[in-house]
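Trainee: I should like to go through this model and ask, for each descriptive term, what justifies its use.

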Protein chains: 2
Amino acid sequence: MSKIFVDACFGKETPYTPVWMMRQAGRYLPEYMEVRAKAGNFLNLCHNPQMAAEVTLQPVDIVGVDAAIMFSDILVVPNEMGMELDFVKGEGPVFAKPIKSIEDVDALIGGEEAADKLTYVYETIKIVREKLADDKALIGFTGAPWTLATYMIEGQGTKTYSLVKKLIYTEPELMHRLLEKVTEVVKYYLEKQIEAGVDVVQIFDSWASALEKPKYMEFSWKYMKDIASHIKAKYPHIPIIMFPKGIGAYLDDIDGDFDVFGVDWGTPMAMAKEKLGDRYVLQGNMEPCRLYSKEATKECVEALAKIMKDGRHIFNLGHGILPDVPVENAKYFVSLCKEVSKRDK
Amino acid sequence: MSKIFVDACFGKETPYTPVWMMRQAGRYLPEYMEVRAKAGNFLNLCHNPQMAAEVTLQPVDIVGVDAAIMFSDILVVPNEMGMELDFVKGEGPVFAKPIKSIEDVDALIGGEEAADKLTYVYETIKIVREKLADDKALIGFTGAPWTLATYMIEGQGTKTYSLVKKLIYTEPELMHRLLEKVTEVVKYYLEKQIEAGVDVVQIFDSWASALEKPKYMEFSWKYMKDIASHIKAKYPHIPIIMFPKGIGAYLDDIDGDFDVFGVDWGTPMAMAKEKLGDRYVLQGNMEPCRLYSKEATKECVEALAKIMKDGRHIFNLGHGILPDVPVENAKYFVSLCKEVSKRDK
């Protein structure tokens with residue numbers, strides 16, 4: 001059975017423009033909070049395929065999105081490469097022993113060995129794929145090597161990125177060594193997700209905007225492209241979505257072997273269309289805070305539909321949905337995207 | 001005596017391209033740390049004109065920049081509008097009672113009355129102007145109304161800006177009321193800085209990138225332009241620098257009655273030149289972390305000089321200098337900017 005979401009990723013004609021939301025399996029859903037409470041903590045939830053599958057499916061049933069995204073966290077990868085990970089309340093993820101030297105990099109578990117440890121992710125995918133309707137897509141994902149490496153070096157969220165940036169400018173070879181090692185694991189990780197049953201993969205580069213353009217190209221985009229080419233060569237039927245957040249000013253240099261470019265809300269959609277629309281399907285990009293208001297949501301959905309009328313588009317937010325958004329407004333967004341794009345066909 | 005920095009702001013020929021650094025009066029200088037220790041805390045330092053003048057002058061003497069920027073903090077404005085301000089170690093500035101309602105806005109001290117309370121700033125300016133060499137410029141500044149209002153509503157630094165953004169989408173009239181009030185105070189504040197002796201003014205919109213383009217134009221840039229027009233009409237001999245950080249993807253809609261556009265490091269200089277270079281002098285934009293390495297500094301200064309060879313330029317960083325940068329590297333940056341631009345004349 002053909003999946004409208006997969007068709008749209010390949011730029012094929014679809015009866016309406018499909019829609020999903022980043023972080024759609026998340027805290028704004030009371031049903032999610034229930035499962036999470038049962039799990040005890042966030043990492044337990046990631047490690048428990050039954051529960052992870054349950055929250056993956058929730059937004060499809062409750063909100064009506066066209067694709068599920070497997071519930072997990074990008075940091076399970078460095079975790080299984082051997083870095084102890086903790087989610088500290090109010091602080092977010094923390095690696096107790098951040099990477100400080102070449103020796104630390106070399107001590108990490110690499111390649112297929114690390115990817116093989118992520119069995120709970122592949123299990124989640126199998127359970128979801130079994131329960132998910134045939135016409136809905138399942139999205140697998142990974143963090144981009146740059147975003148993962150930044151966490152591994154900073155040890156936690158950071159405002160200044162001063163540790164990792166100091167490395168970029170003073171010890172670039174250490175950074176590249178780490179990035180190469182993470183890239184190799186990520187390739188295996190995505191392959192195994194695909195083998196387990198995902199229909200699409202997305203690479204999240206959440207911290208793309210931490211780097212100036214020439215360094216972004218060298219330390220992040222290059223590795224993302226490498227991963228995309230590798231997957232595309234092996235699995236040409238699997239669409240690849242790239243989501244580098246906050247680099248709207250760098251679009252002139254964006255190219256590579258992928259299908260969909262995820263546009264964040266800080267990049268005007270008309271600009272993304274002008275620069276990338278002839279080569280890639282565009283995904284996005286409603287500012288998530290618009291979900292606080294139905295009026296603001298409607299204004300944006302109508303505007304996006306108008307801009308993308310003669311383009312290839314997937315509706316989404318321009319970043320993750322926030323925990324305090326009313327579920328009703330999320331439902332309104334999803335149904336409006338379908339309604340408006342059906343009307344305009 | 002003509003000031004090379006002021007001449008450059010107006011796009012006149014100068015013997016070399018002048019240079020200064022955002023946060024140049026700051027923690028990377030041991031001499032600054034000494035004065036700050038004497039002051040006891042950050043706000044005391046802002047409130048003490050003798051000490052504030054001393055740290056204002058330090059980078060001119062030590063690092064050799066072409067302009068001093070008065071030492072102060074953007075938050076003294078909301079503070080004197082009646083909001084209790086504290087600088088909490090490790091957390092940064094905190095307003096004990098953030099703005100929550102129209103009544104809170106109306107209770108703020110407004111207009112010239114608030115601006116008149118900032119006497120310590122005007123005193124600082126007078127002392128600096130007396131001691132500063134005639135050929136060096138003194139820069140006054142303010143936070144943009146949007147950035148100030150964001151602090152006033154969030155109460156402190158924020159990653160999500162969820163309080164202020166919820167207002168933008170659900171109670172825009174409250175936001176506009178607050179922004180209008182802040183704008184009026186800021187106009188008086190800049191006038192009084194100019195009367196006290198500053199040669200140039202810069203408007204810092206540090207949190208520009210928190211808003212999607214249409215909302216940025218409506219809730220921030222509109223007010224910045226209004227302030228610039230007001231000052232320009234009254235003091236045409238005073239150059240105005242606009243520094244909205246992180247909106248490289250919005251440059252197509254940038255216009256207004258100002259002289260210099262401050263380019264942050266996330267906006268490629270070649271792109272800024274293409275979009276704004278025929279209308280404005282461009283300031284910036286070396287990534288501050290390049291100061292960790294002389295080699296990385298040199299690479300960027302040479303590249304900027306090349307891009308701006310036939311343009312009008314002021315050297316600066318693309319954001320503030322970081323506390324752990326070696327003073328030697330800051331000196332190297334400043335002297336290199338002068339040397340390279342002299343060579344290229």
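Mentor: Let us begin with burial: a residue is buried if 20 or more other C-beta atoms lie within 10 Å of its own, exposed if 12 or fewer, and partly exposed in between. Please bear in mind throughout that this is a predicted model.

Trainee: Which residues of H10(B) are buried?

Mentor: In H10(B), the buried residues are B:Val164, B:Lys165, B:Leu167, B:Ile168 and B:Tyr169. Their cover includes H9, helix H11 (172-196) and helix H12 (213-234) of chain B, together with H14 of chain A.

Trainee: Why is B:Tyr161 called partly exposed?

Mentor: B:Tyr161 has 19 other C-beta atoms within 10 Å. A buried residue needs 20 or more and an exposed one has 12 or fewer, so B:Tyr161 is partly exposed. B:Tyr161 is found in the loop between helix H9 (145-154) and helix H10 (162-170) of chain B. In chain A, A:Tyr161 has 19 C-beta neighbours inside 10 Å and therefore also counts as partly exposed.

Trainee: What makes the backbone of A:Tyr161 worth remarking upon?

Mentor: Its phi is near 55°, a positive value in a residue other than glycine. Most residues other than glycine have a negative phi. A:Tyr161 is placed in the loop between H9 and H10 of chain A. B:Tyr161, likewise not a glycine, has a positive phi of about 55°.

Trainee: Where is there a cis peptide bond in chain A, and what is its omega?

Mentor: The bond from A:Gly284 to A:Asn285 is cis, with omega near -10°. Most peptide bonds are trans. A:Asn285 belongs to strand S8 (residues 281-286) of chain A. In chain B, the bond from B:Gly284 to B:Asn285 is cis, with omega near -10°, and B:Asn285 lies in strand S8 (residues 281-286) of that chain.

Trainee: Why is H9(A) called roughly perpendicular to H10(A)?

Mentor: The axes of helix H9 (residues 145-154) and helix H10 (residues 162-170) of chain A come within 8 Å and cross at roughly 110°. Angles of 65 to 115 degrees count as roughly perpendicular, so that term applies to H9(A) and H10(A). Their crossing is right-handed.

Trainee: Which residues meet there?

Mentor: From H9(A), A:Thr150, A:Ile153 and A:Glu154 meet A:Leu163, A:Val164 and A:Leu167 of H10(A). By class, this contact has four nonpolar, one polar and one charged residues.

Trainee: What makes H14(A) and H15(A) roughly parallel?

Mentor: The axes of helix H14 (residues 294-307) and helix H15 (residues 327-344) of chain A cross at roughly 30° and come within 10 Å. Angles under 35 degrees count as roughly parallel, and H14(A) is therefore roughly parallel to H15(A). H14(A) passes H15(A) in a right-handed crossing. Residues of H14(A) that take part include A:Thr297, A:Val301 and A:Ala305, while those of H15(A) include A:Tyr332, A:Leu336 and A:Val340. The residues of this contact divide into seven nonpolar, three polar and four charged.

Trainee: How do you know that A:Leu251 is partly exposed?

Mentor: A:Leu251 has 18 other C-beta atoms within 10 Å. Since 20 or more would make a residue buried and 12 or fewer exposed, A:Leu251 is partly exposed. A:Leu251 lies in the loop between strand S6 (240-244) and strand S7 (260-262) of chain A. Leaving aside neighbours within four places in sequence, A:Leu251 is in contact with A:Ala272, A:Lys275 and A:Leu276. A:Leu251 and A:Met271 are 20 residues apart in sequence and 9.0 Å apart in space, C-alpha to C-alpha.

Trainee: Why are the two copies said to be related as by a two-fold rotation axis?

Mentor: A rotation of 180° with 0.0 Å of shift along its axis superposes chain B on chain A, with an RMSD of 0.0 Å. The copies are thus related as by a two-fold rotation axis. Of the residues of chain B, B:Ala249 comes closest to that axis, at 2.5 Å for its C-alpha.

Trainee: How many residues of each chain are in contact?

Mentor: There are 23 residues of chain B in contact with 23 residues of chain A. On the chain B side, H10(B) gives the most, with five residues. That side has nine nonpolar, eight polar and six charged residues.

Technical notes. Residues are numbered from 1 along each chain as its sequence is written. Chains are lettered from A and ligands numbered from 1 in the order in which they are written. This is a predicted model: local features need pLDDT of at least 70, side-chain atom pairs count only at pLDDT 80 or more; totals for chains, interfaces and linings use all residues. Axes are lines fitted to C-alpha atoms, for helices over the stretch in contact, and angles run from 0 to 180 degrees between N-to-C directions. Helices (H or I, at least four residues) and strands (E, at least two) are DSSP runs, numbered from the N terminus. Angles under 35 degrees count as roughly parallel, over 145 as roughly antiparallel, 65 to 115 as roughly perpendicular and the rest as oblique. A crossing is left-handed if the near helix is turned anticlockwise from the far one by less than a right angle, and right-handed if clockwise. Two residues are in contact if their C-beta atoms, placed from the backbone, lie within 7 Å. Ala, Val, Leu, Ile, Met, Phe, Trp, Tyr, Cys and Pro count as nonpolar, Asp, Glu, Lys and Arg as charged, and the others, Gly among them, as polar. Copies are superposed by least squares on the C-alpha atoms of residues with pLDDT of at least 70 in both.
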